[in-house]
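Thank you all for coming; I would like to walk you through one structure slowly, going from a single residue outward to the whole chain. Please have the sequence and the model open beside you as we go.

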Amino acid sequence: PHHNADDACQQCNTGNLQCCDSTQESSSTDATLTSILGLLGVVVSTLTGQVGVTCSPVTLIGLAGNSCSAQPVCCSNNSFHGVVALGCTPININA
């Protein structure tokens, strides 16, 4: 299902709205993601929330076609150019 960016953006007041291909709990990242985070200099043991993988920002709210068919999340650290996003919280667009 496609998620409406307007609905999700209203729930994202602690970071930036992202659309991620997948998310993992920071306390239980798999070996591949742990390796990627290590290469990026991220200390996995200090992470909280979820880690978004292959993310893109949801911007230009209100324009046609701006939807997320993957997992919409609100993330506090998006400084890794979409490879990963840290401190993510899933957004429930059906709320």
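Which residues does Phe80 touch, if we do not count those up to four places away in sequence? Before I answer, please keep in mind that what you see is a predicted model. With those close neighbours set aside, Phe80 touches Leu40, Val42 and Leu86. Take Leu40 as an example, because I think it helps to see sequence and space side by side: Leu40 and Phe80 are 40 residues apart along the chain, while their C-alpha atoms are separated by 7.9 Å.

As for where it sits, Phe80 is found in the loop between strand S5, residues 71-77, and strand S6. Although it belongs to a loop, Phe80 has a relative accessible area of 14% and therefore counts as buried, since the limit for that word is under 20%.

That brings me to the surroundings of this residue. Phe80 is part of the largest nonpolar core, which has nine residues in all, and its other members are Leu33, Leu37, Val42, Leu47, Val51, Val53, Val84 and Leu86. Three elements, namely helix H2 (31-39), strand S3 (50-57) and strand S6 (84-90), each supply at least two residues of this core. If you pick out Leu47 and leave aside its neighbours within four places in sequence, you will find it in contact with Ser26, Leu37, Val42 and Leu86. There is also a second, separate core, made of seven residues, and among them are Leu17, Cys19, Cys74 and Ile91.

Let me now turn to the strands. Which strands close into a barrel, and in what order? There are four of them, in the order S2-S3-S6-S5, and their pairing is antiparallel. On average, neighbouring strands of this sheet are turned by 65° against each other, if we ignore direction. As a general reminder for those new to the subject, strands of a sheet pair through backbone hydrogen bonds, and they may do this in a parallel or an antiparallel way.

We can go round the barrel one pair at a time. S2, which covers residues 16-25, is joined to S3 by seven bridges, and in this pairing Gln24 stands opposite Val51 of S3. From S3 we pass to S6 over three bridges, where Val53 has Val84 as its bridge partner. S6 in turn pairs with S5 over four bridges, with Val73 standing opposite Pro90 and Cys74 opposite Thr89. Finally, five bridges link S5 back to S2, and here the partner of Cys20 is Gln71.

I should add a word about the connection between S5 and S6, which form a hairpin with six residues between them. In that turn, His81 has a positive phi of about 55°.

Now, where does H2 lie in relation to these strands? The helix lies across S2, S3 and S6, and it runs at about 125° to S6. At its start, a side-chain oxygen of Asp30 comes to within 3.3 Å of the backbone nitrogen of Thr32. After the helix comes Gly41, with a positive phi near 80°.

Asp30 also leads us back to strand S2, where Gln24 has its place. The side chain of Gln24 reaches the backbone nitrogen of Asp30 at 2.9 Å. Is Gln24 buried or exposed? Its relative accessible area is 18%, so it is buried. Leaving aside neighbours within four places in sequence, Gln24 is in contact with Thr29, Asp30, Leu33, Gln50 and Val51, and of these Leu33 and Val51 are residues we met in the largest core.

To finish, let me step back to the chain as a whole. The secondary structure comes to two helices and six strands, and along the sequence they follow the pattern β-α-β-α-β-β-β-β. Of the 95 residues in the chain, 36% are buried. If we consider contacts with a separation of 6 or more, 71% of them are between residues 24 or more positions apart, and the pair of Phe80 and Leu40, 40 residues apart, is one example of a long step along the sequence. The accessible surface of the chain comes to about 5400 Å², and carbon and sulfur atoms account for 52% of that.

Methods
Residues are numbered from 1 along each chain as its sequence is written. This is a predicted model: local features need pLDDT of at least 70, side-chain atom pairs count only at pLDDT 80 or more; totals for chains, interfaces and linings use all residues. Side-chain values use heavy atoms; hydrogens and water are left out. A nonpolar core is a set of buried Ala, Val, Leu, Ile, Met, Phe, Trp, Tyr and Cys residues joined through side-chain atoms within 4.5 Å. Buried means under 20% relative accessible area, exposed over 50%, partly exposed in between (1.4 Å probe, protein chains only). Contact means heavy atoms within 4.5 Å. Two strands pair if DSSP finds at least two bridges between them. Axes are lines fitted to C-alpha atoms, for helices over the stretch in contact, and angles run from 0 to 180 degrees between N-to-C directions. A polar contact is a pair of N or O atoms within 3.5 Å; within protein, one must be able to donate a hydrogen and the other to accept it, and residues adjacent in sequence count only if both atoms are side-chain atoms. Accessible areas come from the Shrake-Rupley method with a 1.4 Å probe; for residues, only the protein chains shown count as cover.
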